[in-house]
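Q: Please walk me through one part of this model slowly. I'm new to structures, so spell out the terms as you go.

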Amino acid sequence: MQQRYVVDVAELHRLTELNYAGLLPLLSQLETEAEVTLYAGENLAFNLRNVSESRYTSDIEIEQLKPNWADYLQAKMTVRLYHDVRMAEIISSQGVTRLAARYQQPNREMRHRDEKHQVNQFLADWLTLCRKQGHIQPKLSEAVQKFMPYYFK
């Protein structure tokens, strides 16, 4: 019998805090421009745009630009940034909204049991790629930088 999956809440929180820190420099770019296009490689282009903004949250849409590819092959996600708790999580990925923390196996939608963690890990990996390619340059104030992880400085 397969062991029941238990959500590691501390790991999920760590991941969402890491994603928030990685998205902050991009958020400052989106304040001055309506859309930002990042090139993370020869054929990897992503469009970022601010979908909505309120006092405590911001929603950013990240979409891969590849007009020749089928829709299901292009990365598309909406990320909600919670400014009061400094966390960012994916609220929509590939057209799937309301991602549950865990899914029973098997399930009708064929979701992985840790789907929410996997899509947030994808965002963290994508941010790491952008940072290594030199597209994310932390140009933040000293007050904000003291909350950033050491590898973002």
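What follows is a close look at the sheet, its helices and its salt bridges.

A: First, a word on what you're looking at. This is a predicted model, where local features need pLDDT of at least 70 and side-chain atom pairs count only at pLDDT 80 or more, while totals for chains, interfaces and linings use all residues. Residues are numbered from 1 along each chain as its sequence is written, and side-chain values use heavy atoms, with hydrogens and water left out.

Now the sheet. It's an open one with six strands, ordered β1-β2-β3-β4-β5-β6, and the pairing is antiparallel. At the edges stand β1 (35-41) and β6 (96-97), each with a single partner strand, so each has one side without a neighbour in the sheet. Strands here are DSSP runs of E with at least two residues, helices are runs of H or I with at least four, and both are numbered from the N terminus. Two strands count as paired if DSSP finds at least two bridges between them.

Let's go along the sheet from β1. β1 and β2 pair in the antiparallel sense over six bridges, and they make a hairpin with two residues between them. One pair to find in your viewer is Leu 38, whose bridge partner in β2 is Phe 46. Next, β2 and β3 pair antiparallel over seven bridges, and their hairpin connection runs through three residues. Here, Asn 50 has Ile 60 in β3 as its bridge partner. Further along, β4 and β5 share six antiparallel bridges, and Arg 80 stands opposite Glu 89 in β5. Remember Glu 89, as we'll come back to this residue.

What lies against the sheet? Helix α1 (residues 9-32) lies across β1, β2 (44-53), β3, β4 and β5, running at about 85 degrees to β5. Helix α2 (residues 115-132) packs on the sheet too, touching β1, β2, β3, β4 and β5, with its direction at about 115 degrees to that of β5. Contact means heavy atoms within 4.5 Å. The angles run from 0 to 180 degrees between N-to-C directions, using axes fitted to C-alpha atoms, for helices over the stretch in contact.

Finally, the charged side chains. Side chains of opposite charge can pair when their charged atoms come close. The structure holds four salt bridges, each being a side-chain nitrogen of Lys or Arg within 4 Å of a carboxyl oxygen of Asp or Glu. In one of them, Glu 61 bridges to Arg 49, with the closest N and O atoms 3.3 Å apart. That pair links distant parts of the chain, since Glu 61 is in β3 and Arg 49 in β2, 12 residues apart. Glu 61 counts as buried because its relative accessibility is 13%, while Arg 49 is partly exposed at 31%. Buried means under 20% relative accessible area, exposed over 50%, and partly exposed in between, with a 1.4 Å probe and protein chains only.

And here's Glu 89 again: Lys 116 forms a salt bridge with it, the closest N and O atoms being 3.2 Å apart. This pair also links distant parts of the chain, with Lys 116 in helix α2 and Glu 89 in strand β5, 27 residues apart. Lys 116 is buried, at 15% relative accessible area, and Glu 89 is buried as well, at 18%.
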